[in-house]
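Biologist: I would like a close look at a single helix and the parts of the chain around it. Please go through what lines the spaces beside it and what sits at its ends.

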Amino acid sequence: GNGGANGDCDIDGIDGGTSGFVRQTFNANELPTDEAICGWGDDGIAGFCYNSYNATNPMLTGLYARITTGIAYCNQYLAEAGDQDATKLAEIRFLRAYEYFSLMDGWGNIPFTLQPLTKPERYTRAQVYEWLEKELLEIEPNLSEAKAKKSTDAGYGRVDKAACWLLLSRLYLNAEVYTGTPQWEKAKSYAKKVMDSSYKLNTTSVNGWSAYQMLFMGDNGETDAAYEGIFPLLQDGLKTTSWGTTLFLLASTYDQDMHANPNNPKATNGTDQAWGGNRARPDLVKKFFPNGNVPNLESYATAEAAGDDRALFNGVNRTLDNDDVSTFKSGFGVAKFTNFKTDGSAGHDATFPDADFFLMRAAEAYLNFAEADARLHGDQTTEEGTAAINAIRKRAHASTREDRGYSLSDICDEWSREFYFEGRRRMDLIRFNRYGGNVNYNWQWKGGTKEGRNFSENLNIFAIPTNELTSNKNLTQNPGY
């Protein structure tokens with residue numbers, strides 16, 4: 001939005017501080033899953049946490065409006081200035097495709113138009129899939145060459161061919177969900193194009209910060225971590241004073257008792273904001289401690305105990321279980337995102353962070369490749385698929401496999417270990433048939449009971465907001481709502 005107050009937001013009916021794409025993407029795709037839970041009383045949050053959202057959930061309505069507004073901006077640009085620069089044209093078309101992908105993934109059958117000020121038609125999920133594939137293949141030649149960049153390089157923050165390849169790989173990986181027809185070979189092929197590019201996993205650690213931590217720090221655009229960020233959303237404490245992007249991921253996951261930096265026990269996350277809301281469900285933490293005995297330690301000590309740099313959980317004076325959802329100490333804190341800089345320097349602002357958010361990063365290509373490989377070979381990775389997962393795990397100093405492959409169940413857990421709290425878990429659980437329906441994969445508070453229970457499969461797709469149905473008679477509500 002344009003500011004922090006409701007009246008200064010470009011979307012009616014939602015506070016400007018909560019209307020951002022990253023913030024609402026987190027709410028919609030992390031809170032309903034086995035990874036995150038929130039104790040805030042904001043209208044709509046409980047519906048996510050207990051899988052009881054509907055057509056009037058204000059947070060879902062806000063995300064829907066944020067995405068469709070973004071599409072409208074793209075359509076307006078293309079109508080007025082689309083003939084000015086071929087590369088910019090392709091970039092805006094990519095942004096529009098990313099928005100349409102997000103809308104289709106969440107809501108299935110959606111409003112679709114490529115023209116400004118035109119009432120959208122209803123497109124089925126399969127129709128949107130077909131358009132997305134055609135659109136991405138068409139714009140690829142006009143995008144800049146795939147080249148990893150730092151913030152000091154021209155074009156940092158702008159998408160190039162690698163982003164197009166990765167979105168195609170993501171589209172193909174979920175093709176069976178979206179259309180009923182799997183496309184594992186294509187998913188694997190486009191993932192390999194990213195893996196073979198100059199974008200790469202960050203394996204460099206600096207001043208005691210692990211290579212994994214560096215992906216989520218205040219100088220991630222300036223260090224080698226930037227070479228993993230295929231689509232970074234740029235943040236600057238003075239220029240992008242948003243409450244909804246990286247600051248949300250930082251502040252909502254910390255309280256003043258958490259310390260991400262062992263060298264500065266008085267510091268929390270590198271900002272003066274610690275809101276104490278989102279924390280881990282026990283099911284996420286246990287993925288790093290499959291044999292039990294989860295320790296109650298500072299986040300950096302938990303990672304050491306887990307033998308995995310990604311286990312950035314704070315358990316000091318906390319319970320592992322979310323016994324009281326309204327209490328932030330009821331559940332482990334997540335210290336994944338910080339505004340600390342590896343060289344020890346301060347951010348540009350005490351409140352708003354400099355940490356960019358990597359909306360797409362190279363690690364996804366490795367897991368896309370491995371999962372597609374396993375699905376093509378009897379639900380078990382071959383040597384090349386195993387190597388892709390080993391690269392991810394080796395970066396985190398976790399154990400690797402040389403003599404046997406990874407199963408699909410292993411890969412589903414690896415998606416969580418690598419990408420928790422980055423706004424994608426719901427999509428992965430649905431693809432692995434572990435979300436809605438009689439799947440018998442439960443987590444704490446799934447379906448509104450502490451022990452977890454199955455919920456209706458229709459919740460795999462969100463409800464079209466009531467106000468949207470009222471204003472556009474071309475649309476129909478999704479089944480079950």
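Modeller: What follows starts with helix α3 and moves outward to the pocket, the cavity and the ring pairs. The model is predicted.

Helix α3 covers residues 58-81, which is 24 residues. At 1.5 Å a residue the helix should span 34 Å, and its end C-alpha atoms are 34 Å apart, so the expected and modelled lengths agree. The N-terminal end of α3 is capped by Asn57, which places a side-chain oxygen 2.9 Å from the backbone nitrogen of Met59.

The helix contributes to the second largest pocket, a space of about 540 Å³. Its lining has 29 residues, and those nearest the centre are Ala65, Thr68, Thr69, Ala72 and Glu468. With 12 residues, α3 gives the most to this lining. Helix α16 (466-471) is also there: α3 and α16 each supply at least two residues. An α-helix has 3.6 residues a turn, so residues three or four places apart point the same way. Ala65, Thr68, Thr69 and Ala72 are among the residues nearest the centre of the pocket. By class, the pocket lining is made of 14 nonpolar, 12 polar and three charged residues.

α3 also takes part in the lining of the largest cavity, where α1 (21-29), α3, α4 (86-107), β8 (357-361) and α15 (425-431) each supply at least two residues. The structure holds three cavities of 30 Å³ or more, and the largest has a volume of about 370 Å³. Of the 29 residues lining this cavity, Thr25, Tyr98, Arg170, Gly423 and Arg424 are the closest to its centre. Here the largest share comes from α4, with six residues. The lining of the largest cavity divides into 17 nonpolar, five polar and seven charged residues.

Helix α1, one of the elements in that cavity lining, holds Gln24. Gln24 has a relative accessible area of 1%, so it counts as buried, the cut-off being under 20%. Its side chain has polar partners in the model. The side chain of Gln24 reaches the backbone oxygen of Thr18 at 2.7 Å, and it makes a polar contact with the side chain of Asn27 at 3.0 Å.

Next come the aromatic rings. A search of the whole structure finds 31 aromatic pairs. One of them joins Tyr53 and Phe462: the ring centres are 5.1 Å apart and the planes stand at 80°, so the pair is edge-to-face, as planes over 60 degrees apart are classed that way. Tyr53 lies in the loop between α2 (45-49) and α3, while Phe462 lies in the loop between α15 and α16. The two residues are 409 residues apart, and the pair links distant parts of the chain. Tyr53 and Phe462 are both buried.

A second pair, Tyr172 with Tyr190, has ring centres 5.9 Å apart and planes at 40°, so this pair is tilted. Tyr172 belongs to helix α6 (residues 161-173) and Tyr190 to helix α8 (residues 184-195), with their positions 18 residues apart in the count. Both tyrosines are buried. Elsewhere, ring pairs link Phe26, Phe248, Phe288, Phe313, Tyr420 and Phe421 into a cluster.

Definitions and conventions: Residues numbered from 1 in each chain as written. Predicted model: local features only at pLDDT ≥ 70, side-chain atom pairs only at ≥ 80, totals over all residues. Heavy atoms only, no water. Helix = DSSP H or I, 4+ residues; strand = E, 2+ residues; numbered from the N terminus. Expected span 1.5 Å × (residues − 1). Polar contact = N/O pair within 3.5 Å; in protein donor to acceptor, adjacent residues only side chain to side chain. 1 Å grid on protein atoms, 1.4 Å probe; cavity = no way out; pocket = protein on both sides within 12 Å on 5 of 7 lines; lining within 4 Å. Points joined across faces, edges and corners; volume = space filled by probe spheres on them. Nonpolar A, V, L, I, M, F, W, Y, C, P; charged D, E, K, R; others polar. Phe/Tyr/Trp six-rings, centres within 6.5 Å; stacked < 30°, edge-to-face > 60°. Buried < 20%, exposed > 50% of the residue type's maximum accessible area, 1.4 Å probe, protein only.
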